[in-house]
Amino acid sequence: MSMIPTVRAALAERFIFNFRLPPQMLTSYLPVPWLTPQEVRGYGVASFCILDLRGITVVPLTTMVGLDSISCAPRYAVLDASRVPANPAVFVTERQTNSAFGAWFTTLGFSAPHPHVEAVIDHHADRTLLRVHSPEDGLLFAATVRSAAAPNSDLFASPQEFADFIAQGVSSYGRSRHGSRLTKVDLHKEDASYTPLAASDLSGVFAEDWQRQGAVFDSAFHTAGGRYEWTYHGMTP
């Protein structure tokens with residue numbers, strides 16, 4: 001059992017950008033054979049998530065005294081075939097934070113550090129600009145979003161269908177500093193409803209790599225409010 005306590009935070013808002021891609025292409029991003037693509041209408045799903053988290057702290061402390069962070073991560077929808085039947089899960093190659101303290105803290109005993117990045121959510125009257133920049137790797141992700149009446153998506157027919165898809169991914173696996181061993185984290189969340197967005201000006205390392213490999217931008221969604229708790233379960237053998 002892990003000695004790292006459960007981490008909790010209040011969610012100010014979350015943006016999720018979804019790309020659809022052939023399942024065999026998504027397989028190339030997965031490091032172990034027991035993680036396989038979760039298909040949605042015949043496609044694999046890669047997403048880039050940007051979360052504005054407030055009051056990040058450990059149980060039993062209240063989120064009133066925690067730190068704030070804009071955190072982000074590339075997210076791949078997978079099936080965990082190490083269980084029977086295979087369960088929906090998430091594979092995350094890396095996680096970043098714009099909190100210098102948070103980035104430093106995750107180097108102290110955490111198996112997967114969260115590198116420090118510049119992350120900005122810039123709200124305007126008619127649009128929101130999002131940008132994540134890494135000192136080492138340059139622009140990781142950028143987009144401009146506006147509100148939309150309905151999703152224009154080949155993956156999700158409605159915001160509720162997308163919310164149900166996201167809710168399936170409780171367990172997430174991620175790379176660690178320990179070779180081929182993966183971290184396992186369960187995320188339990190109380191989300192508000194999701195609203196569709198129209199996205200433009202997509203750029204950055206992740207969007208460009210996925211599109212270069214044949215992925216197509218599919219949809220973007222936003223939610224605000226809610227409570228998140230992460231439970232660390234250690235590493236796979």
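The legends below accompany an overall view and several close-up views of a predicted model.

**Figure 1. Overall view of the predicted protein, with its 4 helices and 14 strands.** The radius of gyration of the protein is 17 Å, close to the 18 Å that the globule rule gives for 237 residues, so the protein is as compact as a globular protein of that length. Taken along the principal axes, the box filled by the C-alpha atoms is roughly 45 × 45 × 35 Å. Buried residues account for 49% of the 237 residues, and among contacts with a separation of 6 or more, 70% are between residues 24 or more positions apart. The protein exposes about 11100 Å², of which carbon and sulfur atoms supply 56%. There are 18 positive and 22 negative side chains, and the centres of these two sets lie 5 Å apart.

**Figure 2. Close-up of serine 171 in strand β10, which spans residues 171-175.** Serine 171 has a relative accessible area of 16% and counts as buried, because the cut-off for that class is under 20%. When neighbours within four places in sequence are left aside, serine 171 is in contact with Ala89 and Val90, and also with Lys184, Val185 and Asp186. With aspartate 186 there is, in addition, a polar contact from side chain to side chain at 2.7 Å. Alanine 157, by contrast, is 14 residues from serine 171 along the chain, and the C-alpha atoms of these two residues are separated by 24 Å.

**Figure 3. Close-up of asparagine 18 in strand β1, which spans residues 7-21.** The relative accessibility of asparagine 18 is 0%, and this residue therefore counts as buried. Beyond the neighbours within four places in sequence, the contacts of asparagine 18 include Val45, Ala46 and Ser47, together with Phe156 and Phe162. The contacts of asparagine 18 also include Val216, Phe217, Asp218, Ser219 and Phe221.

**Figure 4. Close-up of alanine 215 in the loop between α4 (205-212) and β13 (216-224).** Alanine 215 is buried, with a relative accessible area of 7%. Although alanine 215 and asparagine 18 are 197 residues apart in sequence, their C-alpha atoms are 9.9 Å apart in space. Leaving aside neighbours within four places in sequence, alanine 215 is in contact with Phe19, Arg20 and Leu21, and likewise with Met25 and Trp210.

**Figure 5. Close-up of the cis peptide bond that joins valine 84 and proline 85.** The omega angle of this bond is about -5 degrees. Proline 85 itself lies in the loop that runs between β4 (67-80) and β5 (87-92).

**Figure 6. Close-ups of arginine 41 and aspartate 201, shown for their backbone phi angles.** Arginine 41, although not a glycine, has a positive phi of about 50 degrees, and its place is in the loop between β2 (35-37) and β3 (44-58). Aspartate 201 is likewise not a glycine and has a positive phi of about 55 degrees, but this residue is located in strand β12, residues 195-203. The relative accessible area of aspartate 201 is 56%, so the residue is classed as exposed, a class that begins over 50%.

Key
Residues numbered from 1 in each chain as written. Predicted model: local features only at pLDDT ≥ 70, side-chain atom pairs only at ≥ 80, totals over all residues. Heavy atoms only, no water. Helix = DSSP H or I, 4+ residues; strand = E, 2+ residues; numbered from the N terminus. Buried < 20%, exposed > 50% of the residue type's maximum accessible area, 1.4 Å probe, protein only. Contact = heavy atoms within 4.5 Å. Polar contact = N/O pair within 3.5 Å; in protein donor to acceptor, adjacent residues only side chain to side chain. Rg over C-alpha atoms; globule rule 2.2 N^0.38 Å. Areas by Shrake-Rupley, 256 points an atom, 1.4 Å probe, with all protein chains shown as cover. Lys, Arg positive; Asp, Glu negative; His and termini not counted. Charge placed at Lys NZ, Arg CZ, Asp CG, Glu CD.
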